[in-house]
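Here is a short briefing to read alongside the structure. Take a moment to turn the model around before going on.

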Amino acid sequence: MLYVPRSLGLYNFLDISEVNSLGKSALLVRSYKPGTLEPLQDLSIVPHVEPTPAIPFQVSKLMGQQLLDVILRRHLEKFSCSVEMGTELRSFEQSDEGVTAILAKNGISESFDTKWIIGADGAKKRRACLRDHRVANTNRDHNKMVWMGDFRANMRMVNKFGEGRVFVAGDAAHPTGGQGLDSGVQDADENLRLFRNLGIANKSLLETYSAERLPVISETLEVTTSILDRTITSGDISAGRSHILYMLGIKCRFSTIVLDEFVASAKPIDAYGVLDEGNLEAGDGVPDASNILQVVRVEPDATTLFGLYRPWYHAILVFALSLADAAPILVTPVASPVGLILVDREGYAYSAYLVEVGQTKVFVIRPDGVIGAIVHGVKKIRGLDVY
Ligand SMILES: Cc1cc2nc3c(=O)[nH]c(=O)nc-3n(C[C@H](O)[C@H](O)[C@H](O)COP(=O)(O)OP(=O)(O)OC[C@H]3O[C@@H](n4cnc5c(N)ncnc54)[C@H](O)[C@@H]3O)c2cc1C
């Protein structure tokens, strides 16, 4: 399983560092002359890009899904949460107050009341095979085939990601072929943002999960389907693969809950685009910056912005020449007391966030690592309050 840079950044954001540390570099992929076992070419399917202070995760990694499973379960245990194996969801009913699920374990049925359900039960029961492609795994030393199977590209999506108190994520919502796991992790990350931080207090915000994910998944399907078609027709495994597959250009500038005072007019949706570091807007993935100095050290080890953002709070980043310039912003009702004063020693933050020296600019970083707002501060339309 290949994990693209966007997902590796998310695992880091969620403080699951093992995915990055235990993931292996992507192997070369060997293709064969059609109908034979005669090698055609060995190719890297992921172009190499050096990490930068703004984008530290630029290299895709390989890891079996079984190992990821162990890592994620151990992570859940830190929050006293365990996965109950061998338990099947048979049916459920929802009301305005909650959801009643009927579960079956060891042949015994039980009823379970909960406030919400997120269906992450995969795609297998609704399989519709649109394309078949045979994949093989060869033993590299002896060129012997050790495993072969039919790869069924299964590309569909739901028309909404939730109804009332019930949501779907991962393959249950969109069997997305080669980027299914990556997309599912992003669904989960967005879900986490909504449930932990906003949605339970304001149920209508949960609807933004559908609104933000549908265009992204729809464009992901377009891109991955087109690449699969080109690969199958040309027999070239590298056909059409480019940096776009790193998913770093995924954005939700179109979302009704993002606010950008620096953008004059609405643009086309472009949810699954190429990363454009020269054009940062609300709805984009947040960039990092290294070599940050904390004037008063609150987070002892953090020297990067990514080390300060967390999935359980919004971060408000105020660029200002001095504390006096920032003061009017920091007393707006939404702003928490100032947590940290940072010095951008190398100018990496100014560069990545496209802020000119002397300019006052405020960024709201959502708990899912997306820029929720870019505003002037209090002087214009009190953008922070609006957000
Ligand atoms: C050959 C191959 C290569 C792939 N490579 C990549 C890759 O490189 N990168 C990538 O991003 N994706 C890849 N994918 C896709 C990826 O594997 C899937 O998108 C991903 O596993 C989906 O995860 P999921 O948790 O949504 O669903 P699943 O992995 O299908 O998990 C669903 C789980 O729900 C359980 N379940 C089902 N029904 C119930 C029920 N009623 N009650 C309780 N539990 C239930 C199932 O037992 C299962 O454990 C690949 C897929 C294949 C086949």
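Which residues have the most contacts inside the largest nonpolar core? They are A349, Y353, F363, I371 and A373, in a core of 49 residues. Please keep in mind that this is a predicted model. The notes below start with the chain as a whole, then return to that core and move on to the ligand and a small sheet.

**The chain overall**
- The chain contains 8 helices and 19 strands.
- Of its 387 residues, 28% count as buried.
- If you take the contacts between residues at least 6 apart in sequence, 61% of them join residues at least 24 apart.

**The nonpolar cores**
- Several elements give two or more residues to the largest core, which has 49 residues: the helices α1 (5–13), α5 (207–234) and α7 (348–352), together with the strands β16 (315–319), β18 (361–365) and β19 (371–375).
- Two domains also meet in this core, as domain 1 (2–80 + 123–245) and domain 3 (249–387) each provide at least three of its residues.
- A second core is separate and has 9 residues, among them F161, V168, L194 and L206.
- I371 is a handy residue to look at up close: beyond its neighbours within four places in sequence, I371 is in contact with A282, G283, D284, V286, F363 and I365.
- Two of the residues just named, I371 and F363, are also on the list of those with the most contacts inside the largest core.

**Around the ligand**
- The ligand is surrounded by 17 residues, and the closest are D121, G122, G170, G180 and L181.
- By type, this shell divides into 7 nonpolar, 6 polar and 4 charged residues.
- Which element supplies the largest share of the shell? That is α4, with 4 residues.
- Both α4 (180–198) and β6 (87–94) supply at least two residues of the shell.

**A small open sheet**
- An open sheet is formed by 3 strands in the order β1-β5-β2, with antiparallel pairing.
- Why is one side of β1 (2–3) and of β2 (24–25) left without a neighbour in the sheet? These strands stand at the edges and each has a single partner strand, so there is no neighbour on the other side.
- The antiparallel pairing of β2 with β5 (residues 61–62) runs over 2 bridges.
- To find one of the pairs by eye, look for K24, whose bridge partner in β5 is L62.

Key. Residues are numbered from 1 along each chain as its sequence is written. This is a predicted model: local features need pLDDT of at least 70, side-chain atom pairs count only at pLDDT 80 or more; totals for chains, interfaces and linings use all residues. A residue is near a molecule or strand if its C-beta atom, placed from the backbone, lies within 6 Å of it. Ala, Val, Leu, Ile, Met, Phe, Trp, Tyr, Cys and Pro count as nonpolar, Asp, Glu, Lys and Arg as charged, and the others, Gly among them, as polar. Two strands pair if DSSP finds at least two bridges between them. A nonpolar core is a set of buried Ala, Val, Leu, Ile, Met, Phe, Trp, Tyr and Cys residues joined through C-beta atoms within 7 Å. A residue is buried if 20 or more other C-beta atoms lie within 10 Å of its own, exposed if 12 or fewer, and partly exposed in between; C-beta atoms are placed from the backbone. Domain bounds come from an automatic or database domain assignment. Two residues are in contact if their C-beta atoms, placed from the backbone, lie within 7 Å.
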